[in-house]
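Colleague: Before I trust any labels, I would like to hear what stands behind them. Can we take them one by one?

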Amino acid sequence: MRKAFRAAVLHCLADPGESSASSALEYFEDGLLIVENGLVVEAGAATALLPQLADDVSIAEFPGKIIVPGFIDCHVHYPQLDIIASYGEQLLDWLKRYAYPAEARFADEGHANEVADAFLNELLRNGTTTALVFATVHTHSADAIFTAAELRGMRLIAGKVLMDSNCPDELQDTPESSYADSKALIKRWHGKDRLGYAITPRFALTSSAEQLTAAGQLASEYPDVWVHTHLAENKAEVEEVARQFPKSRSYLDVYDHYGLLRERSVFAHCLHMDDTDRSCMAAKGGAAAFCPTSNLFLGSGLFDLRAMRAASVRVGLGTDVGGGTTLSLLRTASEAYKVLHLQDQALPASRALYLATLGAAEALYLDDKVGNFEPGKEADFVVLDPAASSISNRRSRIATSIEESLFAITMLADDRNVAATYVAGKPAAIK
Ligand code: GUN
Ligand code: ZN
């Protein structure tokens, strides 16, 4: 059944860059998004498209609102939902004090199911329709998030975490069990509906050489699954990696050595790396998840977007909850703006939108499916309300361009500014 949605319609066709190239954006002030069978038929100006629309096509009108593509979170941990905003530590102590105890509770399957549902409801409330997600070491924690995503018709990539050293005993698997369990999960979930599997070694410090070898073996057997891990987030972490892997040129080189750097490899953070790493990552098709709220909250460092894009690395935004402090990609984009501002780099609102939509889709190799409103893409979208809070209402009223209005929404946003979220053309099921 064909349906139409009328509001301002805004999406990216390419990376607008630091100076906000207008050709990278398509904007229809009075726009129409036409959808059929969960896919985009067309986006355009209402005046052009309305006359061609058959009489029986229903039109949902959202006056004063802006329709943008569904947001894509390139890095997030669903088991850390309940430890968001935990005080006072940098990465390695934060893991010990907060993340590992929270993840140990996922030995209980009922707990995993409950958190998976709550987590996806929160994503949808914030306008996030696709995500790349860490589960825990427990196989059933991956089953829980896939089951919850399937129920909601969401596009989601996730994986069971691989970790067999330098962490609490109750959270350890083995090279053999992690290989077998990941393989079983790939067979169960990868390519089912809108779901995809990510081989998910936590980071270099919690996997033995044998486990990294097993992960690389799996990656070579399944070239179209994702690889998802952390890279060069924290200085103490980077120093420890250099101690544990003295033969590697860099932290990235550790993953590369084990066959874990390739297309569909996504590395969260990428803060403490050099241009050789960046060129290598770009050449091999790896992508970076830029997680500004986490990088500030854990005191990790500042992401160098200009250097990453100059090297042609694919980059998308990630919330990294629970290290990150929000599931909202709008709020994440506002912190990205500040992180870049501190480094004399610009982040126009159009580029922030790109990093949360099309850029993220490119980072995940999903840009043939989601990320903008090109005909044939999946109709995941968000209806933004610039007037949801009294302050964003006052600010948007005096905005004279869509760039200015979008910037103000991004800086001031919270989940109130997300008036509705649609998944494959239907209102998101928050259950
Ligand atoms: N590095 C290894 N594990 C984690 C994690 O859970 N969160 C973050 N932010 N970094 C990590
Ligand atoms: Zn993370």
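Modeller: Start with burial. Buried means under 20% relative accessible area, exposed over 50%, and partly exposed in between, with a 1.4 Å probe and protein chains only. The model is predicted, so local features need pLDDT of at least 70, side-chain atom pairs count only at pLDDT 80 or more, and totals for chains, interfaces and linings use all residues. Residues are numbered from 1 along each chain as written, chains are lettered from A and ligands numbered from 1 in written order, and side-chain values use heavy atoms, without hydrogens and water.

Colleague: Why does Asp320 count as buried?

Modeller: Asp320 has 3% relative accessibility. The limit is under 20%, so Asp320 counts as buried. His230, at 6%, is buried too.

Colleague: What makes His230 and Asp320 donors of the zinc ion (ligand 2)?

Modeller: Donors are N, O and S atoms within 2.8 Å of the metal (3.2 Å for Na, K and Ca); water is not among the atoms, so sites may look incomplete. His75 (NE2), His77 (NE2), His230 (NE2) and Asp320 (OD) coordinate the zinc ion at 2.0 to 2.2 Å. His230 lies in strand S10 and Asp320 in the loop between strand S13 and helix H12, so the pair ties together parts that are 90 residues apart in sequence. Helices (H or I, at least four residues) and strands (E, at least two) are DSSP runs, numbered from the N terminus.

Colleague: Why is the arrangement around the zinc ion (ligand 2) called irregular?

Modeller: Four donors are tetrahedral if all angles lie between 85 and 135 degrees; four are square planar and six octahedral if opposite donors are over 155 degrees apart and all others between 65 and 115; anything else is irregular. Here the 4 donor atoms subtend 89 to 167°, which makes the arrangement irregular.

Colleague: How do you know that Cys291 is too far from Cys74 for a bond?

Modeller: A disulfide is a pair of cysteine sulfur atoms within 2.5 Å. The sulfur of Cys291 is 8.4 Å from that of Cys74, the closest cysteine sulfur, so the distance is too far for a bond. By this rule the count is 0 disulfides. Cys280 is in none; the nearest sulfur, in Cys270, is 12 Å away.

Colleague: Which label does Cys280 get, buried or partly exposed?

Modeller: Partly exposed: Cys280 has a relative accessible area of 23%. Cys291, at 0%, is buried.
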